[in-house]
Amino acid sequence: MQGYKDLVIQAKNDSKYMQSLLCIMEPLVKSYAKKKIFFLDWDDATQELNLAIIEAVKTIATCEDDYQCLKFITNSVKYKFAHLCKRNLKKEKYECAYMDNEGDLQESYRADYSSVELAFDLKNITLKMTSNQRDILKYLILGWSDSEIASFLHFSRQYVNREKKKIYQFLK
């Protein structure tokens, strides 16, 4: 059986091998497309994630072993998913209905279902986190780097990175 390393190297220049690699990575793509990218339809989500795999294969500089190749591709899919979520959050308006002083419901704010679902899921997840993890998550969502968060919150960059890994475990 051909190793992933060899397949990735061959997929850089041959579409037949690229198709084979995409078939192998299909369970990963399906897991993100099906459960997690609720704001895209199935075809768009799988297409975006497959493009992430193709881009990863084209940009990987060296491939020392199978594990390194798979880790690089898996991380590329994970980061593409995060980028898609971040882009969607910027586009969406989080609006909700509220009452004025007289008790009348104001219709100037409306919530769409996906925003409410996301907010509910995040609320449940963050209840399980420590205060520091919630602070770090807040700044990660805003697009801050580990170094920026560490500097602002007076933590070490390594601490932020460790806590970020724990946060990702909550989000799985």
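**Notes on side-chain contacts in this model**

1. Let me start with a cation and a ring: the charged end of Lys16 sits over the ring of Tyr17, 5.0 Å from the ring centre. Please keep in mind as you read on that this is a predicted model.

2. Now to the aromatic rings. Searching the whole structure turns up 4 aromatic pairs. One of them joins Tyr139 and Phe152 edge-to-face, with 5.3 Å centre to centre and 65° between the planes. Tyr139 belongs to helix H7 (residues 131-141) and Phe152 to helix H8 (residues 146-153), so this pair ties together parts that are 13 residues apart in sequence.

3. The surroundings of these two rings are worth a look as well. Tyr139 is buried, at a relative accessible area of 11%, while Phe152 is partly exposed, with 47% relative accessibility. Trp144 joins in too: ring pairs link Tyr139, Trp144 and Phe152 into a cluster.

4. On to the charged pairs. The structure holds 4 salt bridges. In one of these, the side chains of Lys80 and Glu48 meet at 3.5 Å, N to O. Lys80 lies in helix H5 (residues 66-91) and Glu48 in helix H4 (residues 42-59), so the contact ties together parts that are 32 residues apart in sequence. Lys80 counts as buried, at 17% relative accessibility. Glu48 has 22% relative accessibility and counts as partly exposed, because the limit for buried is under 20%.

5. Helix H8 comes up again in the next salt bridge. Here the side chains of Lys164 and Asp146 meet at 3.0 Å, N to O. Lys164 is in helix H9 (residues 157-171) and Asp146 in helix H8, so parts that are 18 residues apart in sequence are tied together by this pair. What are the relative accessible areas of the partners, Lys164 and Asp146? Lys164 has 15% and is buried; Asp146, with 14%, is buried too.

6. Finally, a salt bridge inside helix H9. Lys166 pairs with Glu163, and their closest N and O atoms are 3.2 Å apart. How far apart are Lys166 and Glu163 in helix H9? They are 3 residues apart, which means a separation of about one helical turn. Lys166 is partly exposed, at 42% relative accessibility, whereas Glu163 counts as buried, at 5%.

Key:
Residues numbered from 1 in each chain as written. Predicted model: local features only at pLDDT ≥ 70, side-chain atom pairs only at ≥ 80, totals over all residues. Heavy atoms only, no water. Phe/Tyr/Trp six-rings, centres within 6.5 Å; stacked < 30°, edge-to-face > 60°. Helix = DSSP H or I, 4+ residues; strand = E, 2+ residues; numbered from the N terminus. Buried < 20%, exposed > 50% of the residue type's maximum accessible area, 1.4 Å probe, protein only. Lys NZ or Arg CZ within 6 Å of the ring centre and 35° of its normal.
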